[in-house]
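Work through the exercises below with the sequence and the model open. Try each task before reading its solution.

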Amino acid sequence: MKNIILPVDFSENSWNAVKYAVQLFQNETCTFYLLHTYTPAIYHVEYVLQTPAQFGIQDTVRENALNNLEDYKTKIEEEFKNPKHTIETIAAFNTLILEIEYQVEEKNIDYVIMGTQGATGAKEILFGSNTVHVLKNVKSPVLAVPGKFTFETPHEILFPNDFEVAFKHRDLKPILEICSLFNTRVNILHISSGYDLTDFQKENKNFLEETFKKIAHIFHDVSFQTVEEGIANFQLKARVNLLIMMNNKHSFFENLFFKSTIKQIGFHVNVPFLVLPLKT
């Protein structure tokens with residue numbers, strides 16, 4: 001049984017992410033929580049310290065959100081007709097991050113799946129600000145789906161890794177789960193600066209080898225490329241259906257997304273992008 005949050009802003013991108021989610025887990029028993037958050041047009045910290053009614057938040061805002069969520073729910077049920085899937089709706093007066101963090105704990109959420117941009121997303125920006133904050137802060141696997149991406153069975157997963165993290169089995173569980181649903185191969189991409197692996201890196205590589213021993217996997221080594229270049233070049237050579245990275249301190253992911261602004265990102269992720277938290 002999977003519990004999955006689907007944040008929606010009623011844009012085409014969010015509907016595309018919803019479609020991807022229900023197809024990815026079409027053979028799994030799931031409860032999908034369609035989540036929409038709303039705040040006043042002029043938002044200050046003091047708004048969250050008192051009840052929304054004190055600031056004239058009209059019932060119509062909530063009613064419109066609930067009506068739109070019900071439309072989404074009906075659309076899913078009619079288009080996909082999956083008896084294994086239960087759809088529930090949540091309209092919350094809150095910021096997106098705070099509400100997702102609350103729901104992740106409250107409902108024991110397994111995945112958050114969302115579009116890479118919202119209703120006002122600019123084409124030249126890879127990830128909208130909401131997506132970036134969710135990827136960075138939510139302690140749950142987060143899957144970001146590009147707005148134009150049509151569902152593909154994830155036969156080829158790309159998993160860049162520097163072997164600098166001592167993983168636990170629980171950290172890699174989502175990868176194993178996805179591989180169990182499909183005939184999937186994991187491509188573990190190591191990008192080095194030309195030096196040999198340290199003993200610590202060798203231990204971590206051996207752990208990955210042992211963890212993935214029952215599923216198809218292959219190690220790839222490239223040197224003298226940035227992470228961005230390594231990922232982009234690999235995608236030029238092989239058909240990748242899903243990119244997976246770990247969100248841990250000093251990781252590829254940290255360097256790639258949070259030490260520069262979004263506009264400075266040097267490559268474009270054109271496949272769904274799953275970010276796994278490193279549990280401590």
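The exercises that follow concern helices and backbone angles in this predicted model.

**Exercise 1. The span of a helix**

Task: Compare the span of helix α2 with the expected value.

Solution: Begin with the residues: α2 runs over residues 59-80, which makes 22 residues. From its first C-alpha to its last, α2 reaches 32 Å. At 1.5 Å a residue, 32 Å is expected, and the helix comes close to that value.

**Exercise 2. Two sides of α2**

Task: Find the buried residues of α2 and say how they are placed around the axis.

Solution: Buried means under 20% relative accessible area. In α2 the buried residues are Ala65, Leu69, Tyr72 and Ile76. They cover an arc of only 55° around the axis, so they are on the same side of α2. An α-helix has 3.6 residues a turn, and therefore residues three or four places apart point the same way. Next, look at the other side of α2, where Asp59, Asp71 and Glu78 are exposed. Finally, look for the partners: the buried residues of α2 pack against α1 (12-24), β2 (30-38) and β3 (85-93).

**Exercise 3. A pair of packed helices**

Task: Describe how α3 and α4 pack.

Solution: Two packed helices are described by the angle between their axes and the distance between the axes. For helix α3 (residues 96-106) and helix α4 (residues 129-137), the angle is about 35° and the axes are 10 Å apart. The crossing of α3 past α4 is right-handed. On the α3 side, Leu96, Ile97, Ile100 and Glu101 make the contact; on the α4 side, Asn130, His133, Val134 and Asn137 do. Sorted by kind, the residues of this contact are four nonpolar, three polar and one charged.

**Exercise 4. Positive phi**

Task: Locate asparagine 108 and phenylalanine 163, and decide for each whether the residue is buried or exposed.

Solution: Take asparagine 108, whose phi is near 50°, a positive value in a residue other than glycine. Asparagine 108 sits in the loop between α3 and β4 (111-115). Its relative accessible area is 57%; the cut-off for exposed is over 50%, so asparagine 108 is exposed.

Now take phenylalanine 163, which is not a glycine but has a positive phi of about 60°. Phenylalanine 163 is found in the loop between β6 (156-160) and α5 (169-181). With a relative accessible area of 1%, phenylalanine 163 is buried.

One further case is lysine 81, just after α2, with a positive phi of about 45°.

Technical notes:
Residues are numbered from 1 along each chain as its sequence is written. This is a predicted model: local features need pLDDT of at least 70, side-chain atom pairs count only at pLDDT 80 or more; totals for chains, interfaces and linings use all residues. Side-chain values use heavy atoms; hydrogens and water are left out. Helices (H or I, at least four residues) and strands (E, at least two) are DSSP runs, numbered from the N terminus. The expected span of a helix is 1.5 Å times one less than its number of residues. Buried means under 20% relative accessible area, exposed over 50%, partly exposed in between (1.4 Å probe, protein chains only). The arc is that of the directions from the helix axis to the C-beta atoms. Contact means heavy atoms within 4.5 Å. Axes are lines fitted to C-alpha atoms, for helices over the stretch in contact, and angles run from 0 to 180 degrees between N-to-C directions. A crossing is left-handed if the near helix is turned anticlockwise from the far one by less than a right angle, and right-handed if clockwise. Ala, Val, Leu, Ile, Met, Phe, Trp, Tyr, Cys and Pro count as nonpolar, Asp, Glu, Lys and Arg as charged, and the others, Gly among them, as polar.
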